[in-house]
Amino acid sequence: MAYIPDHSNRICVDFFSSSLGRRLGAAAAAAGLVAAGAPAFLASPTFAGPKASVVKQEVLLVSYAVTKAAYDKIIPLFQADWKKKTGQTVIIKTSYGSSGSQTRAVIDGLEADVVGLALGGDVHKIQEAGLIDKGWQKENPNNSIITNSVIAFFVRPLNPKKIKTWKDLDNKDVDVVTANPKTSGGARWNFLGLYGSITKTGGSDAQAEKYLTTVYKNVDVLPKDAREATDTFVKRSKGDVLLNYENEAILAKRTGEWTVPYILPSPNILIEGPIAVVDKNVNKHGNRKVTEAFAKFLYTPAAQKAFVNNGFRPVTAEGKAYARGKFKQVETFTVNTFGGWNAVNKEFFAKGGLWDQIFSKSR
């Protein structure tokens, strides 16, 4: 098994080095609003004088790779809505990459105003670093979950190996493709899906660990995120079966990259995608109002429709009405089955946890 290191966080450099940002930073520094040499995005937006109102706002959204298509549709909708309501122009910069890498980047200094990561466990890490206040789940509807998904199997056409259920993945002749749980939120959902496929059907924890060890022995490469895992399987023709988000399967079919019907194994893990305002950064940037408004906008019918159109399962009543008939129903369990993300991160993904033990046995 080869580990593919993550050499790129896909950070939006233009946010830090744009001509607008440099000009605003210089002007603000000259006026004594920020320290000289501070990053441009720390400066307050355009000022025409002491009584002038802010006419521009900037927000940095940091998210995981597979959400880009949805946000490309949602962001212009919010910008128009905000302009209509306030008269302000809002510039929303974006950064996409593997959820684990994005989490580390924010903790290490990427000044995200809002994070839309692959799992609540990554938001908890940013909270533990002192950047997000406790109780962030209660700041938005639905415990700050904006999308749902499940795990899908891409199975290569004309494959003589029958792959229809979780159990088929521990066949030693099956080459499995999944991303790396150390860097990818999607891969952590895959890990929990694999584990729960045993324990939710009457198996013990010991049986689940044995099954996971066998499955990961069938994994030759570990791409850094869900999008790269799709490319590895679809474009590079590696593997017999790919485990990935359902929305990745929907996108691949829509673009014509993948034409074979995908499989939704049952029981399945209910994938929950959170949104959270990064309190320390918005306090510094002075853009809390617009950032919080953007987070809440993700629950509007227009935003939920955009998520649905890009393969995500909605979380609101209006979104579910729009999505009726678009998604196959499947039995699901949640991360709370394993005690929630704090317990999962400690037991499964912390240094020396179950993933490290399985990786050492299966490489």
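Which residue in β11 is the bridge partner of N148? In this predicted model, the partner is E272. The report below starts from that pairing and then turns to a second sheet and to the helices.

## Strand β5 and its partner

Strand β5 spans residues 145–149 and is mostly covered, with five of its five residues buried. The strand is joined by four bridges to β11, residues 271–274, and the two run antiparallel. The pair formed by N148 and E272 belongs to this connection between β5 and β11.

## The loop before β5

N143 is located in the loop that links α5 (120–128) to β5. Its relative accessibility is 41%, so N143 is classed as partly exposed. Leaving aside residues up to four places away in sequence, N143 touches W136, Q137 and K138.

N143 can also be placed relative to P274. The two residues are separated by 131 residues in sequence, yet their C-alpha atoms are 8.1 Å apart in space.

## The four-stranded sheet

An open sheet is built from four strands in the order β3-β2-β4-β12, with mixed pairing. The edges are occupied by β3 (89–97) and β12 (276–277); each has a single partner strand, so one side of each lacks a neighbour in the sheet.

At the β12 edge, strand β4 (residues 114–116) is connected to β12 by two bridges, and these strands run antiparallel. Within this pairing, V115 of β4 stands opposite A276 of β12. Helix α3 packs on the sheet, where it touches β2 (56–64), β3 and β4. The direction of α3 makes about 165 degrees with that of β3.

## Helix α3 against helix α12

Helix α3 (residues 68–86) also packs with helix α12 (residues 301–309), at an angle of about 165 degrees and with the axes 8 Å apart. Because angles over 145 degrees count as roughly antiparallel, α3 is described as roughly antiparallel to α12. The crossing of these two helices is right-handed.

On the α3 side, the contact consists of A70, Y71, K73, I74 and L77, which meet A302, A303, A306 and F307 of α12. By class, this contact comprises eight nonpolar residues, one charged residue and no polar residues.

## Helix α4 and its surroundings

Helix α4 (residues 99–107) is mostly covered, as seven of its nine residues are buried. The buried residues are S99, G100, S101, Q102, T103, A105 and V106. The elements covering them include strands β2, β3 and β4, together with helices α5 and α6 (185–199). Just beyond the end of α4, G109 adopts a positive phi of about 130 degrees.

The axes of α4 and α5 come within 10 Å and cross at roughly 15 degrees. This angle makes α4 roughly parallel to α5, and the crossing is right-handed. S99, G100, T103, V106 and I107 of α4 make the contact with D122, K125 and I126 of α5. By class, the α4 and α5 contact has three nonpolar, three polar and two charged residues.

## Two helix pairs side by side

Two packed helices are described by the angle between their axes and the distance between the axes. In these terms, α3 and α12 pack at about 165 degrees with axes 8 Å apart, whereas α4 and α5 cross at roughly 15 degrees with axes that come within 10 Å. The former pair is roughly antiparallel and the latter roughly parallel.

Methods: Residues numbered from 1 in each chain as written. Predicted model: local features only at pLDDT ≥ 70, side-chain atom pairs only at ≥ 80, totals over all residues. Heavy atoms only, no water. Axes fitted to C-alpha atoms, helices over the stretch in contact; angles between N-to-C directions. Parallel < 35°, antiparallel > 145°, perpendicular 65-115°, else oblique. Left-handed = near helix turned anticlockwise from the far one by under 90°. Contact = heavy atoms within 4.5 Å. Nonpolar A, V, L, I, M, F, W, Y, C, P; charged D, E, K, R; others polar. Pairing = 2+ DSSP bridges. Buried < 20%, exposed > 50% of the residue type's maximum accessible area, 1.4 Å probe, protein only.
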